[in-house]
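User: I should like a close look at a single part of this model, with its surroundings described in a connected way.

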Amino acid sequence: MGQVLKCISPIDGSVYAERPVLTLEAAQSAAKSARDAQKAWAARPVQERVDLVMAGVAAVGAMNDEIVPELAHMMGRPTRYGGEFGGFNERAGHMASIAVESLADIEVGEDATFKRYIKRIPHGVVFVVAPWNYPYMTAINTVAPALIAGNTVLLKHATQTLLVGERMAQAFHSVGIPEDVFQNVFLSHDVTNDLIAGNAFDFVNFTGSVGGGQAMERAAAGTFTGVGTELGGKDPGYVMEDADLDAAVDTLIDGAMFNAGQCCCGIERIYVHESLYDAFVEKAVAIVKGYKLGNPMEADTTMGPMANVRFAQEVRAQIAEALADGAVAHIDTMDEDDGGAYLTPQILTNVTHDMRVMRDESFGPVVGIMKVSSDAEAIKLMNDSEFGLTASLWTQDVDRAARIGDDLEIGTVFMNRADYLDPGLCWTGCKNTGRGGGLSVIGFHNLTRPKSYHLKKVTS
């Protein structure tokens with residue numbers, strides 16, 4: 001019997017869904033069918049592809065009443081938050097709205113002698129490996145623009161959210177996107193590596209762990225297959241002395257704790273100017289003490305379990321190590337904390353960068369808060385990380401935020417907001433957060449290749 005992928009529900013530890021993986025031969029056949037279908041798909045007018053993709057997006061939206069509880073069972077997000085369709089639709093809709101302009105030929109010049117221009121050519125077959133934490137929104141970041149640009153797509157979703165790819169495929173096929181053009185596949189790690197190493201794909205987009213991204217790059221080594229990665233994060237917030245304190249506390253703590261802290265750009269460390277530090281900590285603690293940890297299917301639950309027991313155990317380990325080294329915990333263990341996936345959200349003070357909780361990705365509901373006395377100190381601390389995804393700056397001074405942002409080693413600078421992906425901007429990172437960029441016009445450029453035309457009209 002072949003390998004079976006199992007989604008273990010964090011609600012009660014039961015097997016919520018299971019699917020057999022494809023053999024290497026079946027996976028190669030799926031990739032070949034995508035390649036065979038790609039030219040005909042790319043030959044369709046851009047607007048036709050846009051209309052089909054947006055119809056598929058709407059079909060996902062029509063399933064939302066089924067999807068929301070399904071997500072709660074698979075990865076623990078409370079049903080009260082209503083799922084991901086808002087962001088899913090916003091991201092796809094923006095990419096659809098800029099597609100014709102973004103994919104248009106770049107006119108370089110034409111006169112009586114020459115015509116010169118650059119076309120945007122789809123890569124061919126795009127392989128998307130999507131994560132479980134925001135399984136619909138992270139997948140659509142690449143799926144929508146890849147299809148619109150004329151690529152065919154194979155989607156491999158995380159085992160923790162095993163049913164998401166099936167939902168998307170069902171919706172997209174129902175509106176007329178050919179089955180070979182968009183495929184959901186269940187693959188083992190070995191088969192995935194063999195496909196990439198065997199040049200089955202023309203571009204790979206991976207969102208996940210640093211180790212996973214390294215595995216993708218190793219598999220692609222020597223194939224010249226492009227690999228885009230969005231990996232770990234340890235995103236900081238910096239609250240300056242002129243910040244709107246209440247807004248800063250509300251936004252940064254929500255950014256640290258929403259989705260049980262399981263956000264790529266979640267806030268994992270906060271630096272507060274010494275003049276606001278005590279008040280910030282007091283307000284932050286009050287907010288977190290008001291959370292209701294519990295079963296995500298219940299209407300009054302504001303924080304569900306983490307998606308997997310092992311994720312929660314890593315957060316517990318980081319907290320325990322920090323406490324042993326002198327950190328102070330401000331939240332008492334909640335009654336619903338079962339020592340497994342249900343984890344008490346935590347605020348830590350008296351933390352330093354010698355502690356793992358301020359260096360390693362936590363990806364859970366814990367945040368350390370440190371006092372700083374200057375922009376220079378805050379910049380040094382914010383840059384003291386192997387990751388570089390986003391930073392959230394809190395001030396009334398736009399120019400000051402821009403200046404500080406220029407000195408930060410990150411992909412996105414936020415001022416007076418956090419933990420949001422604007423599809424008009426390029427979603428990107430640096431250092432161990434990965435490379436490449438999604439969404440915006442740059443997202444289309446990364447899902448296509450340039451092809452230059454130098455046409456000489458006169459030969460005598």
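To how many bridges does the joining of E5 to strand E8 (residues 203-207) amount, and do the two run parallel or antiparallel?

Analyst: The model is a predicted one. Strand E5 is joined to strand E8 (residues 203-207) by 4 bridges, and the two run parallel. One position in this pairing can be named: Val129 has Phe206 of E8 as its bridge partner.

E5 also pairs with strand E6 (residues 152-157), again in the parallel sense. Here the number of bridges is 6. Within this pairing, Val126 is matched with Val153 of E6. The connection from E5 to E6 involves a helix: E5, helix H5 (residues 135-148) and E6 together make a β-α-β unit, and this unit is right-handed.

The setting of E5 can be described residue by residue. The strand covers residues 125-130, and 6 of its 6 residues are buried, so E5 is largely enclosed by the rest of the structure. The cut-off behind this statement is a relative accessible area under 20%. Both faces of the strand share in the burial: Val125, Phe127 and Val129 point one way, Val126, Val128 and Ala130 point the other way, and all are buried. Thus Val129, the partner of Phe206 in E8, and Val126, the partner of Val153 in E6, point opposite ways from E5.

A separate sheet may be set beside this arrangement. Three strands form an open sheet in the order E3-E4-E21, with antiparallel pairing. Its edge strands are E3 (106-110) and E21 (448-456), each of which pairs on one side only. From one strand to the next, the twist averages 15°. Strand E4 (residues 114-122) is joined to E21 by 9 bridges in the antiparallel sense, and Arg120 has Pro450 in E21 as its bridge partner. As a general matter, strands of a sheet pair through backbone hydrogen bonds, either parallel or antiparallel.

Finally, a loop position may be considered. Phe258 lies in the loop between helix H9 (245-257) and strand E11 (267-273). Phe258 counts as partly exposed because its relative accessibility is 22%, whereas the residues of E5 are buried. Leaving aside neighbours within four places in sequence, Phe258 is in contact with Tyr81, Tyr134 and Cys263. The C-alpha atoms of Phe258 and Asp419 are separated by 9.5 Å, although these residues are 161 residues apart along the chain.

Methods:
Residues are numbered from 1 along each chain as its sequence is written. This is a predicted model: local features need pLDDT of at least 70, side-chain atom pairs count only at pLDDT 80 or more; totals for chains, interfaces and linings use all residues. Side-chain values use heavy atoms; hydrogens and water are left out. Buried means under 20% relative accessible area, exposed over 50%, partly exposed in between (1.4 Å probe, protein chains only). Contact means heavy atoms within 4.5 Å. Two strands pair if DSSP finds at least two bridges between them. Axes are lines fitted to C-alpha atoms, for helices over the stretch in contact, and angles run from 0 to 180 degrees between N-to-C directions. A crossover is right-handed if, with the strands pointing away from the viewer, the path from the first strand over the helix to the second runs clockwise.
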